[in-house]
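Thanks, everyone. I'll put the structure up and go through its internal space, then the interface.

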Amino acid sequence: MFEQLSDKLNVTFERLRGRPRVSEADLEEALRDVRVALLEADVNLKVVRQLIATVRERALGEKVLESITGAQQVVKIVHDALVEMLGGEAAPIERAATPPTVVLLVGLQGSGKTTTAGKLANTLRKQGRHPLLVAADVHRPAAIDQLRALGKQLGIPVTEVNASRVASDVAAAIAAAPAQARDTVIVDTAGRLHIDDEMMKEVEAVVAAAKPHEVLLVVDAMTGQDAVEAASAFKARLPISGLVLTKVDSDARGGASLSIRAATGIPVKLLGVGEKLDALEVFHPDRLAQRILGMGDVLTLVEKAQEAVDRKTAEEQTKKLLEARFTFEDFYATLQQVKRMGPIGDLMKMIPGMGAVAKQLPTGPEAEAQMKRIEAMISSMTRAERVDPTIINGSRRRRIAAGSGTTVTEVNQLIKQFAEMQKLMKQMGGLAKSGRLPRIPGMPMPR
Amino acid sequence: MSLSDGLAKTRGGFLSRLFGRKAEEPITPEFLDELEEALLRADLSVSLVDPLMAQVRDLASTGELKTVPKALDAVREVLVAELTKQDASLRSGGKPRVILVVGVNGSGKTTTAAKLAKRLRDAGESPLLVAADTFRAAAIEQLETWASRLDIPIVSGRPDGDPAAVVFDAINAANARGNSTVIADTAGRLHTKGHLMDELGKIVRVTGRAREGAPDEVLLVLDGTAGQNAIQQARQFTKDANVTGLVITKLDGTAKGGAVFAIVHELGLPVKYLGVGEKADDLVPMDARAFVDALLPRAA
């Protein structure tokens, strides 16, 4: 979601870097551009003004106007100011000393509370917790049906509350959780306007009864200037402990929701990044600032790889790869693992300096289509052919092309590329054994 | 709830400084800053605010605009003019009239579809609601609950069914039953999801096969709290689904929906309705003056 802000700032910085020295006029021009870029990204006006003032003050203080590395310094000052705005380290979801841990989700209508409740239950279960969902949105028609349906999909129990006694039913559901061997209770509440006093009183009563360890405010990443106003109002009445940004998979620049941290001090904890129930990510503020400034996000990439790739299989394959025993069979398995990590374009953007490259590569639908064709060709091979591609003669090639809906030329290309890769890998394997190949941190290497 | 009540909740606060001034007060640099702040905080695009403020500053320096109320009126006029360029009435090109309700997740499509059905029924029409959001869990039940509350007939798809087929069947059903208008609620989709936007394009095309020239309206529902991303949404939905008009929802909060000016300016789409509350009657026809007055309130 942050690519466009990143692009805008980079244009500004490129222009600045082109100058031998940064004059006062250059600095002011750059600051004007930064202001527009931030406002277009929906960063709260007050936060923008503060950020610009900070950058100007520091830039003048560090005498960038006299320095030959002035442009670099300005970029660094903007970077640091952004990191300060976003906050430092990732903030984990609390865990109560004595279970059950109670997590309450609140927010405006349509921000994505119910979907987030389902995703959060799924995420926490993956971490070994035993969640219980509590459907406490008694206002929106069919909201309880929605959570019940999500619970059914996930195989996670859902307790419903009665409209006439929301707070006491939520408390009862929490009290009953340990008996059902549930150590975490996630409460979905109704969407409400921060200025609707009656509805705010209702949720205050729920908080008083539930004594939650986390009260997460769910905010649509596409929200504009109003985000800070709404968040401040929620914080004034409820013990908000963190923010969940949803719909981050849009092209929103997310500035307003991010300025909530700067304006209210509430840390962003989680990001909703898709419609599927596993599309919830931990938010890393420091990494995000780097991504906004086009510095890549290698850590997230490595984590994604670790999650998607079965370590043992990967080590086995790397070993095979370097000994040139890597077959189409292994290649197919690798493809499946890469696919699990997400669209190729998204992965490329996380690699430092690849943001620009990613744009020129056939990413998105094109790259996915190419992957699909390769997959289809490999699927159309027999096991013997996958293990030993040298037996694939002309008639086998025709059969593979027909079976996969591709052409013989494409099959030829795939086999040729595969052979070249094997050759290259064999050479690299030799280097690795002699210890001349640098080890890539986080990547499994053969011992 | 009346439009002005719904839109008036946010008067006061920092705006009272701006608008509590006396009638003859001259234009000062502080006033100009506050005016700019009011516009930007209402989510008006900086690409519109910067040139607009430049004009106000020019007119102030040449003495053509002398007092604060004159300057505010000038800005209000520009904004109202922008919103009244297009025809905001509901179009109809045949029987039954077909209205598709589209938008991103959580913008308020289902609620808008229900409210619109009630509004048309109250005006003497016989609407048929169509629950064509076959994707989100319990979306069909949500519209069915509204339909039974309002006593309006409804045709529902099956979960995970083909939404285009549901709309097609509903138009035929409306013909058979004599319903004058079909209002179809579609699944929320982010404008960045190519395959979901293609699916929406298909719904629009299939609608045209059920009735020549349909749909008559493709209403894009925009969350009034949305910022500059609303412009991206409008661009993409217009490209893939031929949007004919806008509905701005959730204006009963503190958001002003100012992002819509850039959309109207760039795409020439009329704003047809405003959502100003949670009740069935809280969908009102666009009133440019009331909308702009909520943005730059008049002193009481």
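I'll start inside. This is a predicted model, and its largest cavity encloses about 140 Å³ of space. Seventeen, written 17, is the number of residues lining that cavity, and those closest to its centre are Leu108(A), Ser111(A), Val219(A), Asp220(A) and Thr223(A). Two elements of chain A, β5 (214-220) and α9 (226-237), each give at least two residues to the lining. Sorted by class, the lining of the largest cavity comes to 8 nonpolar, 6 polar and 3 charged residues. In the structure there are 8 cavities of 30 Å³ or more.

Now the interface. How much area do chain B and chain A bury between them? The figure is about 3,200 Å², with 54% of it on carbon and sulfur atoms. On the chain B side, the residues that lose the most area to chain A are Arg41(B), Val46(B) and Thr254(B), which together make up 16% of what that side buries. As for residues in the contact, 40 come from chain B and 35 from chain A.

Next, the polar side of it. Between chain B and chain A there are 4 salt bridges. One salt bridge pairs Asp50(B) with Arg35(A), with 3.5 Å between the closest N and O atoms. Residue pairs in polar contact between the two chains, both at pLDDT 80 or more, number 20.

On chain B, the side touching chain A draws at least two residues from each of α3 (29-41), α4 (46-61), α7 (139-150) and α10 (229-241). By class, that side of chain B has 11 nonpolar, 15 polar and 14 charged residues.

I'll stop there and take questions.

Note on methods
Residues are numbered from 1 along each chain as its sequence is written. Chains are lettered from A and ligands numbered from 1 in the order in which they are written. This is a predicted model: local features need pLDDT of at least 70, side-chain atom pairs count only at pLDDT 80 or more; totals for chains, interfaces and linings use all residues. Side-chain values use heavy atoms; hydrogens and water are left out. Contact means heavy atoms within 4.5 Å. Buried area is the accessible area (1.4 Å probe) that two parts lose on being put together, summed over both. A salt bridge is a side-chain nitrogen of Lys or Arg within 4 Å of a carboxyl oxygen of Asp or Glu. A polar contact is a pair of N or O atoms within 3.5 Å; within protein, one must be able to donate a hydrogen and the other to accept it, and residues adjacent in sequence count only if both atoms are side-chain atoms. Helices (H or I, at least four residues) and strands (E, at least two) are DSSP runs, numbered from the N terminus. Ala, Val, Leu, Ile, Met, Phe, Trp, Tyr, Cys and Pro count as nonpolar, Asp, Glu, Lys and Arg as charged, and the others, Gly among them, as polar. On a 1 Å grid over the protein atoms alone, a cavity is a set of points where a 1.4 Å probe fits but cannot get out, and a pocket is an open set with protein on both sides within 12 Å along at least five of seven lines; lining residues have an atom within 4 Å of a point. Grid points are joined across faces, edges and corners, and a volume is the space filled by probe spheres set on the points.
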